[in-house]
Amino acid sequence: MSTFDAAIIGSGPAGITAALYLVRSGCSVILFENLAAGGQILQTEVLENYPGFPKGIKGYELADFFVAHLEGLKLTRSRDAVESVRGQIGAFTVKAGDAEYSCRTVVVCTGAKHRTLGVEGEDRLQGRGVSYCALCDGNFYRDQPVAVVGGGNSALEESLYLAKIARKVYLIHRRDSFRGAQVYQEKLAALSGKVELVLDSVVDQLQADLIAGLTGVVVRNVKTGEKRELKVNGLFVYVGMEPRVDFLPPEVERDPRGFLITDTEMRTSVPGIFAAGDVRSKLCRQAVTAAGDGATAAQAAFVLMEQLHA
Ligand code: NAP
């Protein structure tokens, strides 16, 4: 079985930064990238708040920069999905694909995935009107009416993106105020002819046609009970994220929403397992905070390994 100082699981900003720091500290590292390095920024059109890019930077461009930073570094990269992590500090076994790896420490950087709405037919209509990625699927709805659900940064940002493509965007939110950033709210307000806010409302029903897929949604005002039919061909769901942690043992402590609990050094409740980025229980989920977490986790893992060797 191959042995490494650290297994880094996930290759978004947190995982790539952790890899960079650990390799530069002289550690042997295996980085599990799964599908593609870059993580959620690959699904972001433009990042306007990543320091150093005052005019903003496209998500895929920033991802390319991150990945380029790994070039020439001495590390092992794997595309296999990690299935399990067992063992204890200094001797973890990470199973991925058909192989097992022995790793002294583990840094979990698997991020989070979009939650579903839980409305009847949502699963069936995925790819036929229901989507969780405007950047990936928005173009299918060029000049057509679409709806977005949610009130966080993702919903606001993606409504702005879709407003450039779709004929009309209904932004459906269950309350009358948004938790997303003011700057996005102001940009949306300036597009009031194109983006209609449907507030205090939830999606009750998806309407579909066997051939065309989604044809509309029925929304219900939670204050008045009044129902309204919106004729849309696309529904983009942004109602929060859930962490990717299925492969971890239950001893790794989670918060009530399943995110991994860490201390300020990114240590989880299991010695030798660290967590960084969106998978962690924390206030601010941003590419820049994920990168910061990755650096801290790497440094903490390095210090721990020095103690193990001493
Ligand atoms: P989020 O901030 O957790 O917001 C989720 C939204 O969905 C909330 O408005 C919530 O309503 C609503 N919601 C939750 N469950 C719902 C349901 N069952 N039905 C209808 N609405 C529901 O999630 P997010 O927008 O995906 O963002 C995740 C994290 O990434 C956040 O920390 C966010 O700041 C960060 N992010 C940052 C940027 C950026 O800075 N550019 C971009 C994207 C994401 P309530 O408000 O009523 O709870």
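This report describes the domains of a protein and the surroundings of its ligand.

The structure is a predicted model. The domain assignment divides the protein into domain 1, made of residues 2-113 + 241-309, and domain 2, made of residues 116-237. The C-alpha centres of domain 1 and domain 2 are 32 Å apart. Where the domains are in contact, domain 1 contributes five residues and domain 2 contributes nine residues. About 630 Å² of area is buried between domain 1 and domain 2, and carbon and sulfur atoms account for 42% of that area. On the side of domain 1, Gln43, Glu45 and Glu48 provide 71% of the area buried against domain 2, more than any other three residues.

The ligand has 20 residues around it. Both domains take part in this shell: domain 1 and domain 2 each supply at least three residues. By element, helix 4 (residues 153-163) gives the largest share of the shell, with three residues. By character, the shell consists of five nonpolar, nine polar and six charged residues. Ser154, Glu157, Arg175, Arg179 and Gln286 are the residues that come nearest to the ligand.

Three contacts between oxygen atoms of the ligand and polar atoms of the protein are listed below.

| Residue | Protein atom | Distance to a ligand oxygen atom |
|---|---|---|
| Gly151 | backbone N or O atom | 2.9 Å |
| Arg175 | polar side-chain atom | 2.6 Å |
| Arg285 | polar backbone atom | 3.5 Å |

Arg175 thus appears in the table through a side-chain atom, while Gly151 appears through a backbone atom, and Arg285 also through a backbone atom. How much of the ligand does the protein bury? Taken alone, the ligand exposes 910 Å², and the protein buries 82% of that area.

Terms used:
Residues are numbered from 1 along each chain as its sequence is written. This is a predicted model: local features need pLDDT of at least 70, side-chain atom pairs count only at pLDDT 80 or more; totals for chains, interfaces and linings use all residues. Side-chain values use heavy atoms; hydrogens and water are left out. A residue is near a molecule or strand if one of its heavy atoms lies within 4 Å of it. A polar contact is a pair of N or O atoms within 3.5 Å; within protein, one must be able to donate a hydrogen and the other to accept it, and residues adjacent in sequence count only if both atoms are side-chain atoms. Accessible areas come from the Shrake-Rupley method with a 1.4 Å probe; for residues, only the protein chains shown count as cover. Helices (H or I, at least four residues) and strands (E, at least two) are DSSP runs, numbered from the N terminus. Ala, Val, Leu, Ile, Met, Phe, Trp, Tyr, Cys and Pro count as nonpolar, Asp, Glu, Lys and Arg as charged, and the others, Gly among them, as polar. Domain bounds come from an automatic or database domain assignment. Contact means heavy atoms within 4.5 Å. Buried area is the accessible area (1.4 Å probe) that two parts lose on being put together, summed over both.
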